[in-house]
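Biologist: I'm new to this one. Could you walk me through how its labels are earned?

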Amino acid sequence: MMALLNFVLIIIFVCFIIVCVVAYRVYRSFRDVAKKFGFKGGAGSRGAARQPDDEVIIDHRAPGEAKRKIFSKSEGEYVDFEETK
């Protein structure tokens with residue numbers, strides 16, 4: 001009788017493991033598809049969350065040119081900062 005009970009428990013445990021593996025694969029496939037289309041998760045996402053209406057800027061310049069400053073030294077205005085209390 002104990003052998004039969006142990007066998008049934010092992011079968012239930014194996015079925016549980018199989019269900020967990022299948023559920024994880026389904027979850028992973030949905031997550032990969034969402035990542036492919038640019039959706040980001042809430043709590044699990046890295047970095048700041050982006051709003052859908054944010055502008056995306058793609059820099060197509062060469063790496064050497066991209067590291068240069070955009071404004072020259074003669075452009076701009078110096079502002080004297082004074083702390084107010």
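**Labels and the values behind them**

Modeller: Sure, let's start with D32: at 36% relative accessibility, D32 counts as partly exposed. Keep in mind that this is a predicted model.

Biologist: Why is D32 called partly exposed?

Modeller: Buried means under 20% and exposed means over 50%. D32 has 36%, so the label is partly exposed. R28 also comes out at 36%, so R28 is partly exposed too.

Biologist: What makes R28 and D32 a salt bridge?

Modeller: The rule asks for a side-chain nitrogen of Lys or Arg within 4 Å of a carboxyl oxygen of Asp or Glu. Between R28 and D32 the N to O distance is 3.9 Å, so the pair qualifies. The count by this rule is 1 salt bridge.

Biologist: Where do R28 and D32 sit?

Modeller: Both are in helix α1, 4 residues apart, which is about one turn of the helix.

Biologist: How many aromatic pairs does a search of the whole structure find?

Modeller: The search turns up 1. Y24 and Y27 form that pair, with 6.5 Å centre to centre and 40° between the planes.

Biologist: Why is the Y24 and Y27 pair called tilted?

Modeller: Planes under 30 degrees apart would be stacked and over 60 edge-to-face. Here the angle is 40°, so the pair is tilted. Y24 and Y27 both lie in helix α1 (residues 2–36), 3 residues apart.

Biologist: And what do the accessibility values make of Y24 and Y27?

Modeller: Y24 has 47% and Y27 has 46%. Neither is under 20% or over 50%, so both count as partly exposed.

Note on methods
Residues numbered from 1 in each chain as written. Predicted model: local features only at pLDDT ≥ 70, side-chain atom pairs only at ≥ 80, totals over all residues. Heavy atoms only, no water. Phe/Tyr/Trp six-rings, centres within 6.5 Å; stacked < 30°, edge-to-face > 60°. Helix = DSSP H or I, 4+ residues; strand = E, 2+ residues; numbered from the N terminus. Buried < 20%, exposed > 50% of the residue type's maximum accessible area, 1.4 Å probe, protein only.
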